[in-house]
Amino acid sequence: MGLWSEHVVPRLTDLALGTADVRAVRARAVERARGEVVELGFGSGPTLPLYPAAVTSVRAVEPSAVARRLGARRIAAASIPVQHVGLDGADLDLPDATADTVVSTFTLCTIPDVERALREVRRILRPGGVFLFLEHGLSPTRRPPAGSTASTASSSAWSPAAT
Ligand SMILES: C[S@@+](CC[C@H](N)C(=O)[O-])C[C@H]1O[C@@H](n2cnc3c(N)ncnc32)[C@H](O)[C@@H]1O
């Protein structure tokens with residue numbers, strides 16, 4: 001990884017995705033999170049303080065050492081235990097059916113093999129578990145409901161039990 005991606009991008013991301021507006025959308029995206037969470041692309045941990053009380057633990061997947069370092073203060077301040085468990089959302093070293101909730105905020109767009117990552121999400125979710133994700137862009141094939149904003153339309157939940 002180059003200097004730009006390893007040192008600058010994680011700091012820029014921490015700032016750019018740490019605004020009050022983004023925080024509000026982020027909080028809405030994870031309001032249904034519960035139980036044992038696996039978070040893909042944990043970054044510097046900006047979602048951690050926003051998890052509801054129903055969340056009992058977070059297993060973080062994050063490849064960037066700088067992001068993990070930036071996240072250390074949030075982890076230290078959190079009441080929820082956080083453990084780093086891997087570097088790649090497309091190749092999780094976790095058993096099947098091990099999470100009640102999988103969370104990804106602004107991360108699916110950065111995972112090179114996103115289809116494999118989604119297969120991993122399905123594999124590690126327990127029956128009835130949910131995948132909560134938040135992305136920057138709108139789907140080219142699914143238009144937002146009339147009257148909604150891009151940010152509300154891009155915050156979504158997916159449950160393998162319902163598919
Ligand atoms: C745009 S940042 C979002 C960070 C954080 N989730 C947030 O909401 O601010 C994308 C994150 O995904 C991480 N990432 C990149 N490739 C990944 C992969 N293959 N698996 C998991 N995370 C990855 C990056 O290191 C980065 O922290």
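**Exercise 1. Find how many residues surround the ligand, and sort them by character.**

Start with the count: the ligand is surrounded by 20 residues, a residue being near when its C-beta atom, placed from the backbone, lies within 6 Å. Next, pick out the closest ones, which are Gly41, Gly43, Ser64, Gly89 and Thr105. Finally, sort the shell: nine residues are nonpolar, nine polar and two charged. Here Ala, Val, Leu, Ile, Met, Phe, Trp, Tyr, Cys and Pro count as nonpolar, Asp, Glu, Lys and Arg as charged, and the others, Gly among them, as polar.

A word on the model before we go on. It is predicted, so local features need pLDDT of at least 70 and side-chain atom pairs count only at pLDDT 80 or more, while totals for chains, interfaces and linings use all residues. Residues are numbered from 1 along each chain as its sequence is written.

**Exercise 2. Lay out the elements of the protein in order.**

Count first: there are five helices and six strands. These are DSSP runs numbered from the N terminus, with helices being H or I of at least four residues and strands E of at least two. Then read from the N terminus on, and the order is α-α-β-β-α-β-β-α-β-α-β.

**Exercise 3. Compare the spans of α1 and α3 with the expected ones, and locate their bends.**

Take α1 (residues 3-16): its 14 residues reach 19 Å from first C-alpha to last, close to the 20 Å expected. The expected span is 1.5 Å times one less than the number of residues. Now α3 (residues 65-77): its 13 residues also reach 19 Å, close to an expected 18 Å.

For the bends, use the angle between axes fitted to the seven residues ending at a position and the seven starting there. α1 bends by about 35 degrees at Val9, with Pro10 following within four residues. α3 bends by about 35 degrees at Gly71.

**Exercise 4. Decide whether Asp96, Ala97 and Phe106 are buried or exposed.**

Set the cut-offs: with C-beta atoms placed from the backbone, a residue is buried if 20 or more others lie within 10 Å of its own, exposed if 12 or fewer, and partly exposed in between.

- Asp96, in the loop between β3 (82-86) and β4 (99-105), is exposed because 9 other C-beta atoms lie within 10 Å.
- Ala97 lies in the loop between β3 and β4 and has a positive phi of about 50 degrees although it is not a glycine. Ala97 counts as exposed because it has 12 C-beta neighbours inside 10 Å.
- Phe106 sits in the loop between β4 and α4, with a positive phi near 55 degrees. Phe106 is buried because 21 other C-beta atoms lie within 10 Å.

**Exercise 5. Trace the contacts of Asp96 and Ile124, then describe the largest nonpolar core.**

Contact means C-beta atoms, placed from the backbone, within 7 Å. Beyond four places in sequence, Asp96 contacts Arg123 and Ile124. Turn to Ile124: with the same exclusion, its partners include Val38, Leu92, Asp96 and Val102.

Ile124 leads us into the largest nonpolar core, which has 30 residues; Ile124 is among those with the most contacts inside it, along with Ala33, Val37, Val102, Val121, Phe131 and Leu132. Such a core joins buried Ala, Val, Leu, Ile, Met, Phe, Trp, Tyr and Cys residues through C-beta atoms within 7 Å. Two or more residues each come from β1 (35-40), β2 (55-61), β4, α4 (114-124) and β5 (125-134), and β5 gives the most, with six.

Methods. Contact = placed C-beta atoms within 7 Å.
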